[in-house]
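Trainee: Could you take a close look at one part of this protein with me? I'd like to go over the surroundings of the ligand, and then a couple of loop residues.

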Amino acid sequence: MADQKILIIGSGFAAAANLLHLVEAGIRPSQITIVGPGQLGRGNAYGCDDDDFRLNVRANLMWVWPDRRDDFGNWAKTHITDDKDAVRSSGIFYRRRDFGRYVASLVDAALAVAGGTITHYPQIVTKLGKIDQGGWQAECSDGRLIKADLALLATGSPPPQWPCPIHGAKAQLPKLENRLVQNPWNGRWLGHIPAQSRLAIIGGGLTALDAVTALARRDHQGPIFLLAPHGTLPPEQADWVKQAPPSWPDAPRPSEILRRFRSYLPDLPTDDPVWQQAFEELRIDINQRWQALSDHDRRRLMRRLGWLWSRYRYRAAPQTIAAANRLQQAGILEICHARLSAIHLEMAADDASLRLDLHDTKTGSRDLVVDYVINCTGVGHDPLLANLVADGIGVPDAFGQGLRVSHQNEVINPEGQAIPTLLLVGPAMASSLGDVVAASGISLAGMRVAARLASQIL
Ligand SMILES: Cc1cc2nc3c(=O)[nH]c(=O)nc-3n(C[C@H](O)[C@H](O)[C@H](O)COP(=O)(O)OP(=O)(O)OC[C@H]3O[C@@H](n4cnc5c(N)ncnc54)[C@H](O)[C@@H]3O)c2cc1C
């Protein structure tokens, strides 16, 4: 048993946090294989190069261990010496790439202490299947097959998909590939954008704000149309301090949860620190309430509360709001209350442009001609998780976004039983477990999984 092999699929923060907790729990590094691209710990969230892509929460909320919440802040004092813009009146908001550096340094330190190395293949797992003798076999993008006794899915946030059809002769216009930025998270596209070009940013969330901030820093001069489905940008983080959680009735129904939100949130502007403090307090014990609901009730609750949750749960770093305000005042950024229904690639003489069909709430149907389209529409679909469903290994969660998992992060099979050798940690556990997508929530789940696996193996 003590020699069991663990395969971690994915190479972002969840994979790194799990590795740290597994090694701390006594699992030998040589028992662990990781498959995933890039440097371990960075992933989609912290693998960006751009200086303007910042953490959306204060440094002391970016913790790996709940009893060492200041660890990143303390590391930052000596390791982040060139980020003059980090400090704001509501807290310190570091660059995301620097958090990635911090996590990579934790991995190096943990492996040095444990005195061993892990195996890391920078590939993608395309298929995962059971083997007859027990355990799992992963098929990698380079054809490699890896066998393991336990598999941990840490495949993270799947990159965005285009939200509408793209028409036109794409094959004849290879240069247009650059003009359609399907996945903006790493920020490398910013180097191709001429300062005078016309841009459309699709989406009105934190990724859209990151794009605007980076363009502002580059002194972008051409018009930027930001198509936000609600016509607004995310609100800014306030200088709030979390106090005690509110009391909840036992096993509240969706209507009671809704009532608690209504009565607990003060009658103040939503940008007031006291309002955000109350909202953050409501989050403290919300996961137990969520986990006690049936799938039907979870869907009912999200139909009523979803808009409030997605608007005020994900707030922006102050630096990003300041940049958007600057560009709006300069007449460069226009926030359109509009949805995109199609993109047409058009060629006139030697020049190419993109014509967008929009439905604008103010003006109705509208055409917009731009040079670049940046897709900031949020997460897409995970092909590996979809394969596990198609192969009858896992089942989709209540919202069809991730897999159904137990309280112990075990994937649930179609018969409703937890699979003790197949675990999942990361955003795809959210529909089952609640508000767990932030780095801290993911690390807590990793601690739980490591303790379970260590007791199973050692
Ligand atoms: C752009 C962005 C910014 C964010 N900012 C913050 C923030 O500021 N603060 C915060 O607390 N949270 C933030 N989050 C939330 C985020 O969910 C967590 O913080 C955390 O980083 C998620 O880690 P992860 O490893 O699960 O996912 P990811 O960062 O998505 O990493 C997953 C990794 O797995 C790889 N992978 C995927 N499929 C496979 C496969 N089949 N085989 C092998 N490898 C695979 C991917 O290529 C990627 O490298 C952000 C998320 C995103 C997407």
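Into which domains is the protein divided, and which residues surround the ligand?

Mentor: Sure. Keep in mind that we're looking at a predicted model.

Let's start with the overall layout. There are three pieces to keep track of: domain 1 takes in 6-158 + 380-457, domain 2 takes in 166-235 + 316-375, and domain 3 is 254-313. If you take the centres over C-alpha atoms, domain 2 and domain 3 sit 32 Å apart.

Now for the ligand. Its shell is made up of 32 residues, and the closest are A14, N44, Y46, V125 and S157. Sorted by character, that shell holds 19 nonpolar residues, 12 polar ones and 1 charged. As for helices, α1 (13-24), α2 (43-46) and α14 (439-457) each put in at least two residues. Of the elements involved, α2 gives the most, with 4 residues.

For the polar side of things, look at the ligand's oxygen atoms. A polar side-chain atom of N44, one of the closest residues, comes to 2.8 Å from a ligand oxygen. The backbone joins in too: a polar backbone atom of F13 is 3.1 Å from an oxygen atom of the ligand, and for S11 the corresponding backbone distance is 3.4 Å. Taken on its own, the ligand has 980 Å² of accessible area, and the protein covers 89% of that.

Next, follow the chain to the loop between α13 (430-433) and α14, where you'll find D435. Recall that α14 is one of the helices that supply the ligand shell. D435 has a relative accessibility of 15%, so it counts as buried, since the cut-off for that is under 20%. Its side chain makes a polar contact at 2.9 Å with the side chain of R313. Beyond its neighbours within four places in sequence, D435 is in contact with R283, I286, N287 and W309 as well as R313. Put that next to the domain bounds: D435 falls in the 380-457 stretch of domain 1, while R283, I286, N287, W309 and R313 fall in domain 3 (254-313).

The other loop residue to check is S90, which sits between β3 (87-88) and β4 (91-92). With a relative accessible area of 8%, S90 is buried too. Leaving out residues up to four places away in sequence, S90 touches R58, Q237, A238, D239 and P318. Among them, P318 belongs to the 316-375 stretch of domain 2, whereas S90 itself is in domain 1.

Conventions:
Residues numbered from 1 in each chain as written. Predicted model: local features only at pLDDT ≥ 70, side-chain atom pairs only at ≥ 80, totals over all residues. Heavy atoms only, no water. Domains from an automatic or database assignment. Near = heavy atom within 4 Å. Polar contact = N/O pair within 3.5 Å; in protein donor to acceptor, adjacent residues only side chain to side chain. Areas by Shrake-Rupley, 256 points an atom, 1.4 Å probe, with all protein chains shown as cover. Nonpolar A, V, L, I, M, F, W, Y, C, P; charged D, E, K, R; others polar. Buried < 20%, exposed > 50% of the residue type's maximum accessible area, 1.4 Å probe, protein only. Contact = heavy atoms within 4.5 Å.
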